[in-house]
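User: Could you take a close look at one part of this model for me, the paired strands towards the end of the chain, and tell me what they touch and what they are tied to? Plain language is fine, but please give me the cut-offs as you go.

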Amino acid sequence: MAAQAPPPYSPQSYPQGQTQQTTVVLAQPTVLVSPQYGDSPVRIQCPACKADVMTSTSCEPGMLAWVICLVLFFIGFWLCCVIPLCIDSCKDVTHTCPNCRHVVGKFSRM
């Protein structure tokens with residue numbers, strides 16, 4: 001007796017009402033969120049030394065302080081025009097890593 005060849009490929013048949021289900025798993029892309037720098041220190045991983053630190057902040061006069069100073073000078077309060085240069089809430093804030101002193105971000109008021 002001769003050996004029979006296997007039947008040609010045919011899709012499986014399912015009982016009526018049932019279908020084959022395929023599950024596809026998609027990987028979510030990794031999104032790096034940049035910290036929101038503001039007046040107060042933030043916890044970050046320093047890009048320079050890779051340490052997990054709370055930033056050090058320092059204030060320096062920025063555009064807002066100088067604009068207020070010039071406005072006060074031109075409207076006649078020339079004795080008071082330097083006050084915005086002394087108030088921290090009018091200054092820009094620089095965030096640095098306390099380990100390596102690398103500047104990691106700036107917060108500008110204007």
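Analyst: Let's begin with contacts, meaning heavy atoms within 4.5 Å. Among those in the protein chain between residues at least 6 apart in sequence, 52% join residues at least 24 apart. Keep in mind that this is a predicted model, where local features need pLDDT of at least 70 and side-chain atom pairs count only at pLDDT 80 or more, while totals for chains, interfaces and linings use all residues. Residues are numbered from 1 along each chain as its sequence is written, and side-chain values use heavy atoms, with hydrogens and water left out.

First, the layout. The protein chain has one helix and five strands, in the order β-β-β-α-β-β along the sequence. Helices (H or I, at least four residues) and strands (E, at least two) are DSSP runs, numbered from the N terminus. Of the 110 residues in the protein chain, 22% count as buried. Buried here means under 20% relative accessible area, exposed means over 50%, and partly exposed is in between, with a 1.4 Å probe and protein chains only.

Now your part. Strand β4 covers residues 91-96 and strand β5 covers residues 103-107, and the two pair in the antiparallel sense over four bridges. Strands count as paired if DSSP finds at least two bridges between them. To pick out a bridge by residue, V93 has F107 in β5 as its partner. Six residues sit between the strands of this hairpin, and R101 there takes a positive phi near 60 degrees.

T96 is a good residue to zoom in on. T96 lies in strand β4 and is buried, at 15% relative accessibility. Leaving out residues up to four places away in sequence, T96 touches R101, H102, V103 and V104, and also T55 and S56. Of these, V103 falls within the range of β5, and R101 is the residue with the positive phi.

V104 then leads us inward. V104 belongs to the largest nonpolar core, which has eight residues, the others being Y37, V42, I44, C46, A51, V53 and C97. Such a core is a set of buried Ala, Val, Leu, Ile, Met, Phe, Trp, Tyr and Cys residues joined through side-chain atoms within 4.5 Å. In soluble globular proteins, nonpolar side chains tend to be buried together. V42, another core member, is in contact with H95, along with P35, Q36, Y37, V53, M54 and T55, once neighbours within four places in sequence are set aside. There is also another core of five residues lying apart from this one, and its members include A65, C69, C81 and C90.

What else ties the hairpin strands to the rest? Look at the salt bridges: a side-chain nitrogen of Lys or Arg within 4 Å of a carboxyl oxygen of Asp or Glu. The structure holds four of them. K106 forms one with E60, with the closest N and O atoms 3.4 Å apart. K106 lies in strand β5 and E60 in strand β3 (residues 56-61), so this pair ties together parts that are 46 residues apart in sequence. K106 is exposed, at 55%, whereas E60 is partly exposed, at 34%.

Past the end of the hairpin, D39 forms a salt bridge with R109, and the closest N and O atoms are 3.1 Å apart. D39 is in the segment before β1 (43-45) and R109 is in the segment after β5, so the pair links parts 70 residues apart in sequence. Both ends count as partly exposed, D39 at 47% and R109 at 24%.

At the start of β4, K91 forms a salt bridge with D88, where the closest N and O atoms are 3.8 Å apart. K91 counts as buried, at 12% relative accessibility, while D88 is partly exposed, at 45%.

Last, the cysteines, since C46 and C97 are both in that core. The structure holds zero disulfides, a disulfide being a pair of cysteine sulfur atoms within 2.5 Å. C49 is in no disulfide, and its nearest cysteine sulfur, that of C46, is 3.7 Å away. C49 itself is partly exposed, with a relative accessible area of 32%.
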